[in-house]
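Colleague: Got a minute to go through this model with me? I'd like to ask a few things while we both look at it.

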Amino acid sequence: MQQALILADRANEFGEVPVGAVVVRDDAIVGKGFNQTISARDPTAHAEIVALRDAAQILDNYRLVDSDLFVTIEPCTMCTGALVHARIRRLIYGAREPRAGAVDSSIHALSNPSLNHQVEVVSGVCEDEAAKKLSVFFKAKRN
């Protein structure tokens, strides 16, 4: 999670919402990403999607079986769908996202028993640090 937090700071440097993500397989980072929606002019360039794309290229497979995704904030609906399609084994996230979070907050997208793949979820890892990055970012935007 520490690497994801560092990537969140990188997003912040580009004026992006500070979210970072890494894909890990066999104790090695195989994919990295941070929010790039503004700079890339791409609504799908969330940290999770960028990290999944990076891992898929490195592993030469869009199926990321036996891989875990660490992300600083609770994923949205789009990102949870990508986790299922990529066959991510486990999602580990930091802070909840009360408005758009689709794992535990607004909806429970990964709890749907009809999904063809189930993702294990661990929440609250480095939660305070991840939440602080977001609150500082948005406070600065409001001022």
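Colleague: What volume does the largest pocket have?
Modeller: Bear in mind that this is a predicted model. Rolling a probe the size of a water molecule over the atoms shows where empty space is left. For the largest pocket, the volume comes out at about 510 Å³.

Colleague: Which residues of its lining are closest to the centre of the largest pocket?
Modeller: The lining has 20 residues, and they divide into 11 nonpolar, 4 polar and 5 charged. Closest to the centre are V17, I73, E97, L134 and F138.

Colleague: And which helix gives the largest share of that lining?
Modeller: The largest share is 3 residues. They come from the helix that spans residues 127-142, which is α4.

Colleague: Let's move to the nonpolar core. Which element gives the largest share of the largest one?
Modeller: This core has 27 residues, and L52, L69, L83, I88 and L91 touch the most other members. Two or more residues come from each of β1 (20-25), α2 (47-59), β3 (68-73), α3 (77-86) and β4 (90-95). The largest share is 6 residues, and it comes from α2.

Colleague: How many residues are in the second core?
Modeller: The second core is separate from the largest one. Its members include V22, F70, A95 and A130. In total it has 12 residues.

Colleague: Back to L91, then. Which residues is L91 in contact with, leaving aside its neighbours within four places in sequence?
Modeller: L91 is one of the residues that touch the most other members of the largest core. Its contacts beyond those neighbours are L69, V71, P75, L83, V103, L110, V119, E120, V121 and V122.

Colleague: Is T80 buried or exposed?
Modeller: T80 sits in helix α3. Not counting residues up to four places away in sequence, T80 touches P75, A102, V103, A109 and L110. Its relative accessible area is 3%, and buried means under 20%, so T80 is buried.

Colleague: Now the strands. How many bridges join β1 to β2?
Modeller: The two strands run antiparallel, and they form a hairpin with 2 residues between them. As one marker of the pairing, G20 stands opposite F34 in β2. The number of bridges joining β1 to β2 is 6.

Colleague: What is the phi of D26 in that turn?
Modeller: Most residues other than glycine have a negative phi. D26 lies in the loop between β1 and β2, and it isn't a glycine, yet its phi is positive. The value is about 50°.

Colleague: And does D26 count as buried or exposed?
Modeller: Its relative accessibility is 67%. The cut-off for exposed is over 50%, so D26 counts as exposed.

Colleague: Where does D66 lie, and what is its phi near?
Modeller: D66 is in the loop between α2 and β3. At 44% relative accessibility, it counts as partly exposed. It's a residue other than glycine with a positive phi, near 65°.

Colleague: Last one: which residues does D42 touch, not counting those up to four places away in sequence?
Modeller: D42 is placed in the loop between β2 (28-34) and α2. Its relative accessibility is 21%, and buried means under 20%, so D42 counts as partly exposed. The residues it touches beyond its sequence neighbours are T37 and R53.

Methods
Residues numbered from 1 in each chain as written. Predicted model: local features only at pLDDT ≥ 70, side-chain atom pairs only at ≥ 80, totals over all residues. Heavy atoms only, no water. Core = buried A, V, L, I, M, F, W, Y, C linked by side-chain atoms within 4.5 Å. Buried < 20%, exposed > 50% of the residue type's maximum accessible area, 1.4 Å probe, protein only. Helix = DSSP H or I, 4+ residues; strand = E, 2+ residues; numbered from the N terminus. Contact = heavy atoms within 4.5 Å. 1 Å grid on protein atoms, 1.4 Å probe; cavity = no way out; pocket = protein on both sides within 12 Å on 5 of 7 lines; lining within 4 Å. Points joined across faces, edges and corners; volume = space filled by probe spheres on them. Nonpolar A, V, L, I, M, F, W, Y, C, P; charged D, E, K, R; others polar. Pairing = 2+ DSSP bridges.
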